[in-house]
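User: I would like to learn how the labels used for a protein model follow from its values. Could you take me through this one step by step?

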Amino acid sequence: MRAVAISQPGPADVLQIAECPMPQYKAGELLIKVHAAGINRPDVLQRLGKYAPPAGASDLPGLEVAGEVVDGDFTSTAFRKGDLVCALVQGGGYAEYCAAPAGQCLPLPKGLTALEGASLPENFFTVWSNVFDRCALADGETLLVQGGTSGIGVAAIQLAAALGHRVFATAGSDEKARACEALGAERGINYRTEDFVAVVKELTGGKGVDVILDMVGGDYLPREIDCLADDGRIGLIAVQGGTKATLDLGQMLRRRLSVSGSTLRPRPVVFKAAIANHLRTTVWPLIEAGKIKPVIYQTFPLEKANEAHALMEASTHVGKIMLQVA
């Protein structure tokens, strides 16, 4: 099969089309003929040699796909050959075929193309796990999304807004801030020209927000502590701003604040399958009703995955960057 391989760690041009063996599905897995795959930041880190795939995972990049089930172990799943699915995988998505645990597969939402479906898994699994499970965003609570125009940001804004929450989001330009508002954020905040702490405090009457979804880390964390409400929670999912931070532990103690961090890729199938069940029952109906919509910025053919990575690193996009495979 044709696939995109990482010839060596380095810039986007190290991504090359290669002929690779067909993946062999294991017990509990389905074999998917890939129609489309999503581009994600962890793919870029893997290409740079900074994020090795978990033991036993494919060394090909790609964490989410959509396509047709062509084979697999059907003993403990309702899926069958010919079904159209989207799936979260540990690797191997940039290819014509990919094996995925059945528990991490979801039916392609009604009315969506495979390209649109492939834009969903990585972001919505991550958002649900961190915003609604770990940080337990509850009815009536508010959410601040850092990086609101990233794939994860777009998913978090839309999902929280669709479930009735007040949402604020940061972005790197006025244009991107307005894009966050068009997606459902009450206020998009240009972090280059505005102090997100001051804006959030003003919008919440000095209270602060209940939950922050943070993919920056570094010196954002002490500022985020300052704009949390009492009993507030920070869900840290990436450290684009650095791995070190100085926190006011006294404030955390007095106001019962918490910071939790997680990465989804190495978690076991049973953990991700539980998230998939929540998505199927809560999120997929919102997508099928048009209350949440895939936001695709640009699509590239498989052989131009290097150009897709270059665009991801330029950070000019709003929403998802995708590969059309078939």
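**From values to labels**

Analyst: Let us begin at the end of a helix in this predicted model: just after α5, the residue G184 takes a positive phi of about 130°. Helix α5 itself covers residues 174-183, and its buried residues are K176, A177, A179, C180 and L183.

User: What makes the buried residues of α5 line one face of the helix?

Analyst: Seen down the axis of α5, these buried residues fall within an arc of 155°, so they line one face. The face turned away from this buried side carries the exposed residues E175 and A182. As a general point, an α-helix has 3.6 residues a turn, so residues three or four places apart point the same way.

User: What do the buried residues of α5 pack against?

Analyst: They pack against α4 (151-162), β9 (166-171) and β10 (187-190).

User: How do you know that the buried residues of α6 line one face too?

Analyst: The residues in question are F196, V197, V199 and V200, which are buried in α6. Seen down the axis of α6, they fall within an arc of 165°, so they line one face of the helix. Their packing partners are β8 (142-145), β9, β10, β11 (209-214) and α7. At the start of α6, a side-chain oxygen of D195 comes to within 3.0 Å of the backbone nitrogen of V197, a distance that can be set against the limit of 3.5 Å for a polar contact. Just after α6, G205 takes a positive phi of about 65°.

User: Why is the pair W128 and F132 called stacked?

Analyst: The centres of the two rings are 4.8 Å apart and their planes meet at 25°, while the cut-offs are 6.5 Å for a pair and under 30 degrees for stacking; the pair of W128 and F132 is therefore stacked. Both residues lie in helix α3 (residues 121-134), 4 residues apart, which is about one turn of the helix.

User: Why do W128 and F132 count as buried?

Analyst: Buried means under 20% relative accessible area. W128 has 8% relative accessibility and therefore counts as buried, and F132, at 13%, counts as buried as well.

User: Why is the pair F196 and Y220 called tilted?

Analyst: The rings of F196 and Y220 are 5.3 Å apart, centre to centre, with 35° between the planes. Planes under 30 degrees apart would count as stacked and those over 60 as edge-to-face, so the rest are called tilted, and the pair of F196 and Y220 is tilted. F196 lies in α6 (residues 196-203) and Y220 in α7 (residues 220-226), so the pair ties together parts that are 24 residues apart in sequence. F196 is buried at 0% relative accessibility, and Y220 is buried with a relative accessible area of 11%.

User: What lies over the rings of Y51 and F271?

Analyst: R265 lies over the face of Y51, at 5.1 Å from the ring centre, and the charged end of R267 sits over the ring of F271, 3.8 Å from its centre; the distance cut-off for such an arrangement is 6 Å.

User: Which residues have the most contacts inside the largest nonpolar core?

Analyst: That core has 48 residues, and those with the most contacts inside it are V127, L143, L159, L279 and V283. Leaving aside neighbours within four places in sequence, L159 is in contact with F124, V127, W128, F132, V283, L286 and I292. A second, separate core has 29 residues, among them V44, V65, V69 and A87.

How values were computed
Residues are numbered from 1 along each chain as its sequence is written. This is a predicted model: local features need pLDDT of at least 70, side-chain atom pairs count only at pLDDT 80 or more; totals for chains, interfaces and linings use all residues. Side-chain values use heavy atoms; hydrogens and water are left out. Rings of Phe, Tyr and Trp (its six-membered ring) pair if their centres lie within 6.5 Å; planes under 30 degrees apart count as stacked, over 60 as edge-to-face and the rest as tilted. Helices (H or I, at least four residues) and strands (E, at least two) are DSSP runs, numbered from the N terminus. Buried means under 20% relative accessible area, exposed over 50%, partly exposed in between (1.4 Å probe, protein chains only). A charge sits over a ring if NZ of Lys or CZ of Arg is within 6 Å of the ring centre and within 35 degrees of the ring normal. The arc is that of the directions from the helix axis to the C-beta atoms. Contact means heavy atoms within 4.5 Å. A polar contact is a pair of N or O atoms within 3.5 Å; within protein, one must be able to donate a hydrogen and the other to accept it, and residues adjacent in sequence count only if both atoms are side-chain atoms. A nonpolar core is a set of buried Ala, Val, Leu, Ile, Met, Phe, Trp, Tyr and Cys residues joined through side-chain atoms within 4.5 Å.
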